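Hello,

Here is the structure I promised to pass on. Have a look at it first, and then read on for what turned up in it.

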Amino acid sequence: MRATRPHSPRLAAAALVLLLAGLATAQETPSVDAILDNVTQAARELRDASFLLTGRVIDADGTEFPLEIEIMVIPGLDLASAYIIQPDALADNQIVLDGDAVYSYSFLTHQITVFDADDPDALGGMLPAGRDGATANLSLDLGEILAGYEAELVGVEEGPEGTLYRLAFANRDREAMILDVDAWVLGSDWLPRRLVFKEAGGRVVAELNAEQLTVDQGLDPEEVRALPEDAEVIDNRGR
């Protein structure tokens, strides 16, 4: 006597749907190289961008400094500006990166100090790039910013704006200050939304988030360059 299988068509259909969904998901998940290629292309095609940089910087003694900085960028002109809201000690200070020069405005002294872009003092050591003495970098291309790192895709997450790809970057130089960086890239525009910088032992030294990101809005370069006209200028270039 043959056993009856009254639900087998439904079970088979359900299994087929799950199988196809699994295959589709596997096919839609790009490789780490494809993600980085997409990020590079998006960064190269970017005409301008503005966003609110939030997060925190953690000193060696564990002291945390919150970050809230208004950023404007015009990559094609090697031009960017930062208006600092937090940390409180730097509130209302401004930084303008313009080609080979960095203009740092102090609200407290009402002075603008001009640095070479590769001067380790240009960013005041506030961000990891500045601490390592690297040239101030305007690029949103992770492959360029983290050129000395090996990348791996470690996760796919769903956020309010869509699919986020989590990448883990490991510094090839394991004696460097910043050994590892985690990055989250939004799949809808292939631009990074979050970076976490780590030292030895996985200690987090900085978390950076790009919020309220708006791209290709036609930013005025003079608006990006704008600093108080009556401030004293101190030129420290070529020291």
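A word on terms before the details: a residue counts as buried under 20% relative accessible area, as exposed over 50%, and as partly exposed in between. Please also keep in mind that this is a predicted model.

With that cut-off in hand, take P228. Its relative accessible area is 22%, so P228 is partly exposed. You will find P228 in the loop that runs between helix 5 (221-225) and strand 12 (232-235). Setting aside neighbours within four places in sequence, P228 is in contact with Q94, Y105, H110 and I112. Q111 is also worth a look: P228 and Q111 are 117 residues apart in sequence, yet their C-alpha atoms are 9.0 Å apart in space.

E199 makes a good counterpart. It has a relative accessible area of 16% and is therefore buried, although E199 too sits in a loop, the one between strand 10 (191-198) and strand 11 (204-215). Not counting residues up to four places away in sequence, E199 touches M177, L179 and V205.

Now the sheet. It is an open one of 12 strands, with mixed pairing, in the order 7-8-9-10-11-1-2-3-4-5-6-12. Strand 7 (149-159) and strand 12 are at the edges, each pairing on one side only. On average, neighbouring strands are turned by 20° against each other, direction ignored.

Strand 4 (residues 94-98) is a nice place to zoom in. Of its 5 residues, 4 are buried. It pairs in the antiparallel sense with strand 3 (residues 79-86) over 5 bridges, and there Y83 stands opposite Q94. Strand 4 also pairs with strand 5 (residues 101-106), again antiparallel and over 5 bridges, with D98 and A101 as bridge partners. The hairpin of strand 4 and strand 5 has 2 residues between the strands, and G99 takes a positive phi near 65° in it.

Elsewhere in the sheet, strand 9 (residues 180-186) and strand 10 form an antiparallel pair over 7 bridges, where V185 stands opposite P192.

Finally, the interior. The largest nonpolar core has 44 residues, and L142, L167, F169, V181 and F197 touch the most other members. Helix 2 (residues 32-45) gives the largest share of this core, 6 residues. Another core, of 10 residues, lies apart from it and includes L79, I112, V224 and L227. I112 will be familiar from the contacts of P228.

Happy browsing, and best wishes!

How values were computed: Residues numbered from 1 in each chain as written. Predicted model: local features only at pLDDT ≥ 70, side-chain atom pairs only at ≥ 80, totals over all residues. Heavy atoms only, no water. Buried < 20%, exposed > 50% of the residue type's maximum accessible area, 1.4 Å probe, protein only. Contact = heavy atoms within 4.5 Å. Core = buried A, V, L, I, M, F, W, Y, C linked by side-chain atoms within 4.5 Å. Pairing = 2+ DSSP bridges. Axes fitted to C-alpha atoms, helices over the stretch in contact; angles between N-to-C directions.
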